[in-house]
Each structure stands twice: as structure tokens, then as C-alpha cells.
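Here is a short report for someone meeting this structure for the first time. Look over the sequence and the model, then read on.

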Amino acid sequence: MYAVDQRVSVSGYRSKMQDRLFVLLALVLQIGAGAEERELCFQNFKFGVATAAYQVEGAWNVSGKGESIWDRYTHERPDRIFDHQTGDVAADSYHLVEEDVRLLVDLGVQFYRFSISWPRILPSGFSNKINPDGVRYYNKLLDLLNQHNILPVVTMYHWDLPQTLQQLGGWTNPLIADHFVSYARVLFENFGPRVKTWLTFNEPLSFCQGGYGGIEAPGFGASGTDDYLCAHTVLRAHGMVFRMYDREFRKKQQGNVGITLDFSWPEPLTTSKNNQIAAEIFRQFSLGWFAHPIFSETGDYPPIMRKRIDYISKHQHFPRSRLPKFTPQEVEMIKGSADFLGFNHYTTYLVEKNYQPIPAQPSFDYDIGGIKTQKDDWPKSNSTWLKVVPWGFRKALNWVRKAYNNPPIIVTENGVSTRPGTQDLRRINYIEGYLKALHSAIYVDGCDVRGYTYWSLIDNFEWTRGFSERFGLYEVDYASPNKTRTKRLSAAYIAKVAKTRCLPQSWTT
Ligand code: GBH
């Protein structure tokens with residue numbers, strides 16, 4: 001039954017009973033293999049790799065594409081981007097799509113997670129005019145994937161909002177939710193017959209906090225106000241798209257709709273009660289902000305967010321809470337609006353309680369009540385924020401299992417940046433460590449994880465970090481006219497994992 005289910009999708013619920021049999025069988029097989037050289041294998045599981053439109057496509061103003069907030073931002077605020085780079089050309093995947101699919105075939109992955117650029121499909125942001133070249137591009141990609149039996153996992157929104165909609169306030173404007181629904185309908189109509197796994201949003205925590213509260217595009221930095229407005233619209237938009245899929249497409253298209261949330265694991269700095277509480281509040285404010293309204297039994301924002309932000313807002317003399325309120329109808333509409341959870345995880349933080357008094361200026365960082373740091377002796381990557389802490393992955397997955405009644409999960413991103421070069425043993429080491437942690441989360445702890453996605457297929461435009469951080473299994477030579485892709489050692493590693501569904505023993509470093 002599960003096998004049949006898997007043919008059409010990487011997600012879809014399986015019963016509790018199947019679950020238990022499955023874990024039991026896996027354990028028996030592994031014990032049978034002997035403890036010494038126990039092979040770690042993943043059953044009924046898929047491996048894939050990911051990219052996102054703005055980060056790889058380039059072709060920012062050709063074939064009818066409209067302007068996105070990242071086009072505008074990189075052009076107007078080069079000072080905010082490392083080396084003043086832009087995604088104008090990036091890895092040029094718009095023109096090199098055949099090449100990218102060749103790499104996917106070479107890796108032997110079961111699925112490819114990519115995102116669709118809203119302004120490439122709807123140049124004005126509105127659905128009155130569809131750009132045929134945009135539709136053609138993604139159809140071509142879907143054709144190629146189909147030819148090679150690679151399943152598409154498609155993100156509708158990976159941060160590249162049409163600039164026209166930003167002029168209206170972007171995600172802080174509640175009406176943008178309606179435009180997102182219209183955009184999603186265009187996607188279901190055009191691509192739904194072939195796409196069975198959808199993600200509405202990638203990492204609303206990152207783009208609401210970074211984009212509306214920080215210095216990612218559009219970069220207004222109104223922390224503690226605009227970030228909450230953004231999240232509120234995004235949660236409504238997500239729920240509305242899920243319900244629209246139910247009403248208009250599910251019966252015919254039989255796909256699954258989820259959302260990708262990012263969760264860095266907040267570990268208490270010390271075992272003190274206060275730091276443990278601070279870490280738990282941090283979890284509620286980072287993952288819970290989006291997961292509680294969708295995946296909890298009660299819906300709505302986490303009670304601790306409601307309580308803290310209401311209280312702090314009052315002390316800052318706001319006439320009402322900076323955290324907007326859902327109507328009871330909205331709570332119901334959003335609750336349960338996902339077939340699975342897309343889960344992005346890269347790193348871990350240590351959290352201690354923040355004892356500072358309430359500041360006059362609102363900020364998310366104060367509301368969250370904790371201060372985050374990382375341990376100096378955790379292995380580094382080539383990104384300041386990313387330290388290698390595999391055990392945090394297992395803890396994060398288990399927290400989700402307990403908090404939300406073990407929802408089906410697809411790990412939609414996990415990865416690490418390294419220095420330029422193809423001898424990336426550090427990347428292999430990272431992947432191996434995190435896959436071991438994932439294996440324990442599934443087969444020891446019982447987390448319902450159905451797939452793993454490595455970020456990223458190729459080096460790409462890392463937002464405000466420009467091209468300085470490389471996450472690819474293939475290196476991209478940005479100076480070469482055809483953006484030459486060169487295979488890294490880690491590509492061979494992932495190929496082996498994807499093919500055997502087991503961790504190769506000979507690679508252990
Ligand atoms: C993912 O976000 C994105 O989905 C993807 O597009 C990106 O390429 C990938 O990561 C690799 O970076 O400076 O300490 O405030 C990862 C989550 C959230 C990580 C914001 C960096 C800034 C941390 N990101 N975070 S800090």
C-alpha cells in the first residue's frame with residue numbers, strides 16, 4: 001500500500017500500524033546485519049537535491065520575466081550584498097536546464113526540488129496575464145525530469161516576490177494572500193497534472209524575519225512589527241491555497257501540499273531551569289510561530305508568543321498587540337492545512353535567558369526572550385552561522401514528533417558551505433554525520449521522515465552572501481562564459497547514497 005503511494009508522491013500519510021511494522025522490520029534487519037559493521041539503510045525513502053529560482057536561474061529580465069524584490073534589492077542596494085553581486089545571471093540555469101538535469105541523472109536522485117519564479121510566470125504579479133515563455137521553461141524542466149523518472153518537488157515561493165506587489169507593502173499587506181492564491185491556481189492549472197508534491201512557501205521564518213525585520217530583500221528592518229504582519233499574511237495565504245487545492249484540484253490531481261519551515265535547534269546553554277525555559281520559548285518563536293497554527297491540535301499562534309508579545313507591546317505603549325490576531329474561522333482554516341511538513345535544518349544554537357529590561361524599540365530579538373550563541377569548538381563551515389552539530393538535527397526532529405503528533409516529514413534542505421574546490425571531504429563528513437543523526441531519528445526514535453534533500457545541486461547565489469558561500473555538489477565557475485559545472489567528491493557520495501539508500505561504509509572519514 002505504501003509502495004503504491006510512493007509512486008505518485010514523496011509524501012502521503014501512512015497508518016500508525018504500518019509505521020510500527022516498518023520500524024520493527026528495519027530494526028530486525030539491522031540487528032541481523034551484526035553490530036560491528038552495521039550498515040545504515042533507509043527503507044521506503046527518497047533522496048533528492050534542491051535549488052531555488054532566483055539563486056540559480058539568472059535571465060532576470062529576459063523572455064518576459066517581471067522584476068522581483070531580489071532584482072530590485074541587488075540593483076539598488078549593492079552595499080548590502082557581499083562583493084556587490086546580483087543574481088542577474090547566477091548559474092544561468094534558465095539557459096542550462098538540460099545540463100542541470102544531466103547532473104541530476106548523474107547523481108541518480110529520486111527527486112529534484114526547485115522553485116518557480118512568481119514574476120517569471122506572472123510578470124505583473126497579478127494573474128490577468130500569464131507569461132507563456134515562463135510556463136514553457138518550467139514545462140521543459142518537467143519534461144526532462146519526467147523522461148528520467150525524477151520526481152519534481154516544487155516550491156511556489158522561494159523569496160522572489162514580484163516587485164509590483166512589494167509596492168503594495170508585500171507580505172505586510174493582507175491582500176497579497178489573495179494574489180498568492182491566484183498565482184497558485186495558475187501553477188496547479190499548468191503544472192498540477194505532473195507535479196504531485198507542492199510546497200507553498202520556503203522558510204517564512206527566514207524571509208519574514210530577514211526580509212521585513214532585517215536586511216534581506218526588501219530590507220526595511222522593521223523588526224517586531226512588519227515581521228509579524230508578514231507571517232500573518234503568509235499563514236493565511238498558505239491555508240487558503242491548501243483549501244483551494246482541496247476544493248478545485250485534489251480529486252483530479254491527487255497531489256500533496258505542504259510548507260517548508262526552517263528550524264535550527266535551540267539547545268539550552270546550561271541545564272538551569274531558566275535556560276531550559278528560554279530554549280523552549282525560542283523553539284516556539286522560531287518553529288512554533290508557523291508550525292503551531294498549521295500542525296498543532298489547537299491551531300493559532302503558540303500561547304507563549306501570544307502572551308509575551310501582548311505583554312511586551314503593552315509595556316511599550318502600543319494600543320494593541322504587535323502580534324496580529326486570527327479570527328476563529330482563520331484558525332480553523334489554517335489548522336491542519338498540510339499533507340506533510342517540509343523541514344529545513346542546518347545547524348544548532350545555544351540559548352540563554354535574556355534578563356534585559358523591556359526596550360522602548362520593538363524587536364523580535366527581544367520578544368523571543370533568549371540570546372543565541374554557538375560553541376567555538378563546534379566544527380565550522382564557510383558560513384558564519386553554520387556550525388556542524390549533527391545531534392541537533394535528531395533533537396529537532398524529535399521535538400517536532402512530540403509537539404505535533406509525528407507528522408510526515410520531508411527534509412527539504414540540509415547542507416553545508418565549503419571553500420572553493422572539488423575535494424570537499426568536509427562536505428561528505430557533514431552529510432554523513434547528519435544522515436546518521438537522521439537514521440537514529442527515524443529508526444530509533446520513530447520520526448516519520450520520508451525523504452532527504454541535499455542543498456544544493458550546484459553552487460548558487462547565496463542572497464546577501466553573494467557567491468561567497470558554496471553549498472553545491474557541483475562547483476560553478478562563475479567566471480566562465482558557460483558557468484561550467486564541475487563535480488565535487490560529495491556528488492559521488494550522494495550518488496552512492498541515492499542509489500543504495502544506505503550510507504557507504506568505505507567513505508567513513
Ligand atoms: C536556506 O536558509 C535557504 O532556504 C536557501 O535559499 C539558502 O541557500 C540556504 O539556506 C543556505 O544558506 O546571520 O546568524 O542571523 C537557511 C536559513 C536563515 C540561514 C537565516 C542563515 C541567518 C543567520 N538561513 N540565517 S544569522
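## The disulfide of C208 and C230

C208 has a relative accessibility of 0%, so it counts as buried. C230 is also buried, at a relative accessible area of 0%. This is a predicted model. In it, C208 and C230 form a disulfide, with their sulfur atoms 2.0 Å apart. The torsion about the S-S bond is about -65°, so this disulfide is left-handed. C208 lies in helix α10 (residues 204-212) and C230 in helix α11 (residues 226-248), so the bond ties together parts that are 22 residues apart in sequence.

## The disulfide of C41 and C502

How many disulfides does a search of the whole structure find? It finds two. Besides the pair in the helices, a disulfide joins C41 to C502, with an S to S distance of 2.0 Å. The link of C41 and C502 is right-handed, with 100° about the S-S bond. C41 sits in the loop between α2 (16-32) and β1, and C502 in the segment after α19, so the pair ties together parts that are 461 residues apart in sequence.

C41 is buried, with a relative accessible area of 13%. C502 is buried as well, at 9%. Number the bonded cysteines of the protein chain in sequence order, and the pairing reads 1-4, 2-3.

## A cysteine without a partner

C447 is buried too, at 3% relative accessibility. Why does C447 form no bond with the closest cysteine sulfur? That sulfur belongs to C41 and is 19 Å away, which is too far for a bond. A disulfide needs the two sulfur atoms within 2.5 Å.

## The barrel

Eight strands form a closed barrel. Their order is β1-β2-β3-β4-β5-β7-β10-β11, and the pairing is parallel. From one strand to the next, the twist averages 25°.

Helix α18 (residues 425-443) lies across three strands: β1 (46-50), β10 and β11 (449-455). The helix runs at about 165° to β11.

## Strand β7 and its neighbours

Take β7 as a sample of the barrel. On one side, strand β5 (residues 256-262) runs parallel to β7, joined to it by five bridges. D262 has N344 of β7 as its bridge partner.

Strand β7 (residues 340-344) also pairs with strand β10 (residues 409-413). This pairing is in the parallel sense too, over four bridges. The bridge partner of G342 in β10 is I410. N344 stands opposite E413 in β10. N344 thus links to both neighbours, with D262 in β5 and E413 in β10.

Are the residues of β7 buried or exposed? Five of its five residues are buried, and the strand is mostly covered. F340, G342 and N344 point one way from β7. L341 and F343 point the other way. Residues on both sides of the strand are buried.

## Helix α5 and its buried face

In helix α5 (residues 97-107), the buried residues are V97, D100, V101, L103, L104 and L107. Seen down the axis of α5, they fall within an arc of 150°, so they line one face of the helix. An α-helix has 3.6 residues a turn, so residues three or four places apart point the same way.

What covers the buried residues of α5? The cover includes the strands β1, β2 (111-115), β12 (474-476) and β13 (485-487). It also includes the helices α7 (132-147) and α19 (489-500). Just after α5, G108 takes a positive phi of about 70°.

Helix α7 holds P132. P132 counts as partly exposed, at 49% relative accessibility. P132 and H317 are 185 residues apart in sequence, and their C-alpha atoms are 51 Å apart in space.

## Helices α9 and α11

Helix α11, which carries C230, also meets helix α9 (residues 176-191). The two axes come within 9 Å and cross at roughly 40°. The crossing is right-handed.

Which residues of α9 meet α11? They are A177, D178, F180, V181, A184, R185 and F188. Their counterparts in α11 are T233, R236, A237, M240, V241, M244, Y245 and E248.

Conventions. Residues numbered from 1 in each chain as written. Predicted model: local features only at pLDDT ≥ 70, side-chain atom pairs only at ≥ 80, totals over all residues. Heavy atoms only, no water. Pairing = 2+ DSSP bridges. Helix = DSSP H or I, 4+ residues; strand = E, 2+ residues; numbered from the N terminus. Axes fitted to C-alpha atoms, helices over the stretch in contact; angles between N-to-C directions. Contact = heavy atoms within 4.5 Å. Buried < 20%, exposed > 50% of the residue type's maximum accessible area, 1.4 Å probe, protein only. Arc of directions from axis to C-beta. Left-handed = near helix turned anticlockwise from the far one by under 90°.
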